[in-house]
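Reader: I would like to learn how to read salt bridges, nonpolar cores and surface patches from a set of coordinates. Could we take these features one after another?

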Amino acid sequence: MTTTPVTKTTQTASSLSWARRRDSVARFWRSYRTHRTGLFGLGALALIAVVALAAPLLVGADVQSVTNAPGTALERPSGEFPLGTDQFGRSLLGLLVWGARISLTVGLLAATLSVAIGTLVGIIAGHYGGWFSTVLMRITDWFLVMPTLVLAIVLATVMSRSVWTVVIAIGVTSWPTTARLVRAQTIAVESRPYIERARALGGGHGHIMSRHVLPNVMPLVLAQTTLGISSAILTEATLAFLGLGDPTIVSWGGMLQDAREAGAVSSGHWWYLAPPGIAIALVALAFTLCGRAIESVLNPKLGVAR
């Protein structure tokens, strides 16, 4: 007989929680859509994501085949091949569409891994403080002063050449900035009165970090993830261009590496270099515009231009 009121109370609390979340998302979107640059970046990313997901239907997996290439080597752009062909006679337009899958996937996974590590380190360091926080921050400083690209190159050289190697190399070398930002936000959150009340009511370290601190730092984490994806895509392209990517897959950075090996720079085959380079620049710009818009929505004091 006593379980019904408890169940109703639980359902009511859950409904109110979901209602608040929906209202929060609606307010975020109303504010976000006032940023024209953010909408442009979001639209560009949505278009590129649709093209990447539909790549098997648009161009097919055989676009990567070297033995069944439909054209001859290094054909100029034409009606049959709008962006020309590569050194093996493959359509550059098809390779560009197919390469979007790898470049976006690596960027998303690497940025997620980087932000996850940085968030964990930042929350732990900000929550516990003392000598433990000092040790974590000195480790963070060491990673921060070391060139990220150099560390990524070392890891990619030592480990086997695969997509996961690139993801790990980028993720474990680019987290220090997130860790410092999250630590500062964690210290600010834990100075608020409701954290003291939670401790007084018996809340443990895990409860405070997961139920009180993490939700309050998530907006910062979201903005940092959006900005980190563009950096991860650029780093992946750089590693692939240096020949440290997976040679069995097609990515935008790998296309630039193939163009360099084919002598496209010295021979003037601009159509081999321009498409992947422009694609990388556009995606990085789109993620940056989205990230700046999100930062402005979450922190209006930044005054980011609309």
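Author: What follows is a conversation about charged pairs, then cores, then a patch, and the model under discussion is a predicted one.

Reader: Let us begin with charged side chains: how many salt bridges does a search of the whole structure find?

Author: The general idea is to look for a side-chain nitrogen of Lys or Arg within 4 Å of a carboxyl oxygen of Asp or Glu. In this case, a search of the whole structure gives five such salt bridges. One of them joins Arg90 to Asp86, with 2.8 Å between the closest N and O atoms.

Reader: Are Arg90 and Asp86 buried or exposed?

Author: Both residues of that pair are buried. For Arg90 the relative accessible area is 7%, and because the limit for a buried residue is under 20%, Arg90 falls in that class. Arg90 sits in the loop between helix H3 (55–58) and H4, and, apart from neighbours within four places in sequence, Arg90 has contacts that include Val63, Gln64, Pro70, Thr85, Leu95 and Asp258. The C-alpha atoms of Arg90 and Gly71 are 6.2 Å apart in space, although 19 residues separate the two in sequence.

Reader: Which residues do salt bridges with shared partners join into one network?

Author: It helps to take the pairs in turn before naming the network. Arg138 forms a salt bridge with Asp141, the closest N and O atoms lying 2.8 Å apart, and both residues belong to helix H5 (residues 130–145), where they are three residues apart, about one turn of the helix. Asp141 also meets the side chain of Arg180 in a salt bridge, at 2.6 Å from N to O. Since Arg180 lies in helix H8 (residues 176–190) and Asp141 in helix H5, this pair ties together parts that are 39 residues apart in sequence. Through these shared partners, Arg138, Asp141 and Arg180 are joined into one network.

Reader: How exposed are Arg138, Asp141 and Arg180?

Author: Arg138 is partly exposed, with a relative accessible area of 44%; Asp141 is partly exposed at 21%, and Arg180 is partly exposed at 30%.

Reader: Turning to the interior, which residues of the largest nonpolar core touch the most other members?

Author: In reading a core, one can ask which members make the most contacts and then which elements supply them. The largest nonpolar core has 35 residues, and those touching the most other members are Leu104, Trp252, Met255, Val283 and Phe287. Two or more residues of this core come from each of helix H2 (36–53), helix H4 (92–128), helix H10 (205–241), helix H11 (252–261) and helix H13 (270–298), and H13 gives the largest share, with 11 residues. Beyond its neighbours within four places in sequence, Leu104 is in contact with Ile48, Ala49, Ala52, Ile233, Val283 and Phe287. There is also a second, separate core of 13 residues, which includes Ile102, Val106, Ala152 and Ala232.

Reader: Finally, which residues make the nonpolar surface patch?

Author: Here the reading moves from the interior to the surface. Leu109, Val150, Val154, Val158, Met159, Trp164 and Ile168 make a nonpolar surface patch of about 640 Å². Helix H6 (148–158) and helix H7 (163–171) each supply at least two of its residues, with H6 giving the most, namely three residues. Val158, which is placed in helix H6, counts as exposed because its relative accessibility of 69% is over the 50% limit.

How values were computed. Residues are numbered from 1 along each chain as its sequence is written. This is a predicted model: local features need pLDDT of at least 70, side-chain atom pairs count only at pLDDT 80 or more; totals for chains, interfaces and linings use all residues. Side-chain values use heavy atoms; hydrogens and water are left out. Buried means under 20% relative accessible area, exposed over 50%, partly exposed in between (1.4 Å probe, protein chains only). Helices (H or I, at least four residues) and strands (E, at least two) are DSSP runs, numbered from the N terminus. A nonpolar core is a set of buried Ala, Val, Leu, Ile, Met, Phe, Trp, Tyr and Cys residues joined through side-chain atoms within 4.5 Å. Contact means heavy atoms within 4.5 Å. Patches are made of residues with over 30% relative accessible area and no salt bridge: like charges are joined within 9 Å, nonpolar side chains (Val, Leu, Ile, Met, Phe, Trp, Tyr) within 5 Å. Accessible areas come from the Shrake-Rupley method with a 1.4 Å probe; for residues, only the protein chains shown count as cover.
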